[in-house]
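Trainee: I'd like a close look at one part of this protein, the place where two helices pack against each other. Could you walk me through that, and then show me what else is worth a look around the chain?

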Amino acid sequence: MVYGGINYVGADDEGEPILGFCIESARSGRSGCRTCGSNIAHATARVGQIEHHEEYGQSTKWFHPWCFVWSRHDGRLEEIPGFSHMAAADKKLLRDCQAGKGAPPPGTPGQVGWVPLPMTLQARQVPMIAPADGGGASSSAVVDLTQEDTSSEDPEAIRDQDVLYGQCSLLCVGIQHYNGVLHAGEFAILEREPTNPYDANAVKVVNHANSQVGHLKRNFANALAPLLDDPSPLAPRVEAAVHQESTGKFNLTLRTSFFGPLQLAEVTVRYLASHQISLQNGSPEVRAIFGQEEAAGGAASGSIVSSTQVTATSTARLEMLFDDLAVDASTLDFSLHSEAAGRVLKSILLPHQEQGVAWMVKREKSTALPPFWKEVSEGGARCFFNEITNTSYSAAPPPVSGGLLCDDMGLGKTLQVLTLVIANPPDGIVYQTSAPSPQPPTAEKRQKVEDSSESGDMGADNSWVSAAGAAVEGAAVE
């Protein structure tokens, strides 16, 4: 295949073209595996993936043999430069890894496994899966889940006390292969894909329109897959969102937050730390466990938009959106109800009642987009954007009919609703009356009613009972 005039053998998770592969013994212990993030020990076998980047040119990414995605190389090991120079033990390890049987040598430091959490609160203790020194050996320590009088507690009750373990930035890759879009401020759904032919730990990134956006980068997916697979009601809860619009063609950054019971905070944080995922900005209770300002030590993995800033921005935006819902009375069509109501009703509607009926008829017959939706163009395609969830959809949402009539008591809500029923009847229903047409009230009578409505004293002659009775007197349904 050719990319920009350069021959290449495939593409990595981020869409960068792969020029080839190489194998060698690590020249130092400083290079890091691009899958698991841990260092590759000096003089041990490593697999190189030679790539071409549009901006930086050619570079090599290094992997442990057991971390490398061997499906990217569909040839024989002997064809990879450097394999013939490896020691016999390294050649055997490389062959085992290519066959899917390779594993880190015993005693290799680095990642620890995730021990599934208990299914019920009756199981009071769970193993401390990550030792304090971050090594690979399991610890015999346990986490005590006992709380006051929790023997009959619903598993959901303890989740009401969830705390924020911390936040980190995770990379969603391969976005050039999918049609799904994520906007700034939009939440993403992390969905396991165990049947993925290339990676059993794959985690899809999906938007709320159920369109796939990409996949979590492999090293992040390896760490999160056991957490997402854990069926326990106590398993950590993971929320991912986009805080900044992506400008890249191949990936975007997800600001990811981890929540769960306080008793499991140390287990989760240390497990993620062993996978080179450092959590920051945990709740005060979590930071107290580690005796430091940050939940998991190390430098922050990116800028954080505080919840206070997000709330303030969202509140201001919502206020603007609600202001947009205000109806200009001059845009209402009073003819939609006046003709039909005039044939049936004996009562004459006051100006505020006519305005209310016109608004209700407009709402019932509306075919416009619902509130907080707008039509936009993305990538040259027509779509519909929800301003609350920041999600775009290819199909228009159904119109939202109806509303709330919230006039004060005594202002004639019943009369308005009866007029609405007559003006916009169900299909096949026609209201008629043989009663003589009502005479408009005199100016003196209208002024009296309007003065009474302003003062709140409607008087017996304009009570809702009298108005309702007068409105339907002599009416018939065909």
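Mentor: Here's the helix pair, followed by a small sheet, the cysteines and a proline. Bear in mind throughout that this is a predicted model.

Let's take the helices. Two packed helices are described by the angle between their axes and the distance between the axes. Here the pair is α8, residues 351-364, and α9, residues 413-423. Their axes come within 9 Å and cross at roughly 45°. That angle falls in neither the parallel, the antiparallel nor the perpendicular range, so α8 and α9 count as oblique to each other. As for the hand, the crossing of α8 past α9 is right-handed.

Now for the side of each helix that does the touching. From α8 you have H352, Q353, G356, V357, M360, V361 and E364. They meet L415, Q416, V417, T419, L420 and A423 of α9. If you want to find the contact on screen, pick out those residues and look between them.

Next, the sheet. It's an open one built from three strands, in the order β15-β16-β17, with antiparallel pairing. β15 (373-378) and β17 (391-393) sit at the edges, each pairing on one side only. From one strand to the next, the twist averages 40°. Zooming in on β15 and β16 (residues 381-386), you'll find six bridges joining them in the antiparallel sense. One spot to look at there is V376, which stands opposite C383 in β16.

That brings us to the cysteines. A disulfide is a covalent bond between the sulfur atoms of two cysteines. How many disulfides does the model have? The count is zero. Take C67: the closest cysteine sulfur belongs to C33, and at 3.9 Å that is too far for a bond, because the cut-off is 2.5 Å. C67 is also buried, with a relative accessible area of 15%. C406, on the other hand, is exposed, at 63%.

Last stop, a proline. P116 lies in the loop between α1 (88-98) and β7 (125-127). Is P116 buried or exposed? Its relative accessibility is 57%, so P116 counts as exposed, the threshold being over 50%. Look across from there to P231: the two residues are 115 apart along the chain, yet their C-alpha atoms are separated by 7.9 Å.

Notes: Residues are numbered from 1 along each chain as its sequence is written. This is a predicted model: local features need pLDDT of at least 70, side-chain atom pairs count only at pLDDT 80 or more; totals for chains, interfaces and linings use all residues. Side-chain values use heavy atoms; hydrogens and water are left out. Two strands pair if DSSP finds at least two bridges between them. Helices (H or I, at least four residues) and strands (E, at least two) are DSSP runs, numbered from the N terminus. Axes are lines fitted to C-alpha atoms, for helices over the stretch in contact, and angles run from 0 to 180 degrees between N-to-C directions. Buried means under 20% relative accessible area, exposed over 50%, partly exposed in between (1.4 Å probe, protein chains only). Angles under 35 degrees count as roughly parallel, over 145 as roughly antiparallel, 65 to 115 as roughly perpendicular and the rest as oblique. A crossing is left-handed if the near helix is turned anticlockwise from the far one by less than a right angle, and right-handed if clockwise. Contact means heavy atoms within 4.5 Å.
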